[in-house]
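Visitor: I should like to go through this structure by question and answer. May we begin once it is displayed?

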Amino acid sequence: MRDWRSLLEQDMNKMRHPVGIPWFIKEDYEAFRRLVPQRSWHTTFGQWEAAATKVLDQQRRAGVLAFKVEVQSESFALWCLDTGHSVDREALSEYASKFARRLLASNDSG
């Protein structure tokens, strides 16, 4: 059984490492489906939005500091080009998490 210190440390780690959930906008959803075809996509934006909302809620209930990070296909593609990332689902997750960390840092400093 875990002691209270390890549980507290686990909770603190969740708070220090925010998770960015890539949040698409309806008008850009199809562009992302073409840009990152190997990702498992929902057929419609509405289906994706319902599933993503569920994931976000689950993460937050589990104590994860999770943020919606609105992503745009063109900005993401340029970021991949600038940083040398492949345009794939791993890069998309990293991209969203970087913005979540920036959001958290800007809230902490102001």
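Visitor: Are Phe76 and Tyr95 buried or exposed?
Guide: The model is a predicted one, and the answer is computed from its atoms. A residue counts as buried under 20% relative accessible area and as exposed over 50%. By this criterion, Phe76 and Tyr95 are both buried.

Visitor: Which geometry do the rings of Phe76 and Tyr95 adopt?
Guide: The ring centres lie 5.4 Å apart, and the planes meet at 65 degrees. Planes over 60 degrees apart count as edge-to-face. The pair of Phe76 and Tyr95 is therefore edge-to-face.

Visitor: How many residues apart in sequence are the parts that Phe76 and Tyr95 tie together?
Guide: Phe76 belongs to helix α4, whereas Tyr95 belongs to helix α5. Because the two residues lie in these two helices, the pair ties together parts whose separation in sequence is 19 residues.

Visitor: What is the overall order of helices and strands along the chain?
Guide: The chain contains five helices and two strands. Read along the sequence, these elements follow the pattern α-β-α-α-β-α-α.

Visitor: What share of the chain is buried?
Guide: The chain has 110 residues. Residues under 20% relative accessible area count as buried. Buried residues make up 29%.

Visitor: How many aromatic pairs does the structure hold, and how is the pair of Phe32 and Phe76 classed?
Guide: The structure holds 14 aromatic pairs. In the pair of Phe32 and Phe76, the ring centres are 6.0 Å apart and the planes stand at 35 degrees. That angle is neither under 30 degrees, as for stacked rings, nor over 60, as for edge-to-face rings, so the pair is tilted.

Visitor: Where in the chain do Phe32 and Phe76 lie, and how many residues apart are they?
Guide: Phe32 is in helix α2, residues 29-35, and Phe76 is in helix α4, residues 73-83. The pair links distant parts of the chain, with a separation of 44 residues.

Visitor: Why does Phe32 count as buried?
Guide: Phe32 is found in helix α2. The cut-off for a buried residue is under 20% relative accessible area. Phe32 counts as buried because its relative accessibility is 0%.

Visitor: Which residues do ring pairs link into a cluster?
Guide: Phe32, Phe76 and Tyr95, whose pairs were discussed above, are among the members. The cluster also takes in Trp23, Phe24, Tyr29, Trp41, Phe45, Trp48, Trp79 and Phe99.

Visitor: Over which rings do Arg39 and Arg102 lie?
Guide: Arg39 is 4.4 Å from the ring centre of Trp41 and lies over its face. Arg102 is 5.1 Å from the ring centre of Phe99 and lies over its face. The rings are thus those of Trp41 for Arg39 and Phe99 for Arg102.

Visitor: Which element supplies the largest share of the largest nonpolar core?
Guide: The largest nonpolar core has 25 residues, and those with the most contacts inside it are Phe24, Phe32, Trp48, Val71 and Phe76. Two or more residues come from each of β1, α2, α3, β2, α4 and α5. The largest share of this core, six residues, comes from α5.

Visitor: Which element supplies the largest share of the lining of the largest pocket?
Guide: The largest pocket has a volume of about 250 Å³. Of its 13 lining residues, the closest to the centre are Ile21, Pro22, Arg39, Trp48 and Val55. At least two lining residues come from each of β1, α3 and α5. The largest share, four residues, comes from α3.

Visitor: At what relative accessibility does Trp48 count as buried?
Guide: Trp48 lies in helix α3. A residue is buried under 20%. Trp48 meets this cut-off, and so counts as buried, at 3%.

How values were computed:
Residues numbered from 1 in each chain as written. Predicted model: local features only at pLDDT ≥ 70, side-chain atom pairs only at ≥ 80, totals over all residues. Heavy atoms only, no water. 1 Å grid on protein atoms, 1.4 Å probe; cavity = no way out; pocket = protein on both sides within 12 Å on 5 of 7 lines; lining within 4 Å. Points joined across faces, edges and corners; volume = space filled by probe spheres on them. Phe/Tyr/Trp six-rings, centres within 6.5 Å; stacked < 30°, edge-to-face > 60°. Buried < 20%, exposed > 50% of the residue type's maximum accessible area, 1.4 Å probe, protein only. Lys NZ or Arg CZ within 6 Å of the ring centre and 35° of its normal. Core = buried A, V, L, I, M, F, W, Y, C linked by side-chain atoms within 4.5 Å.
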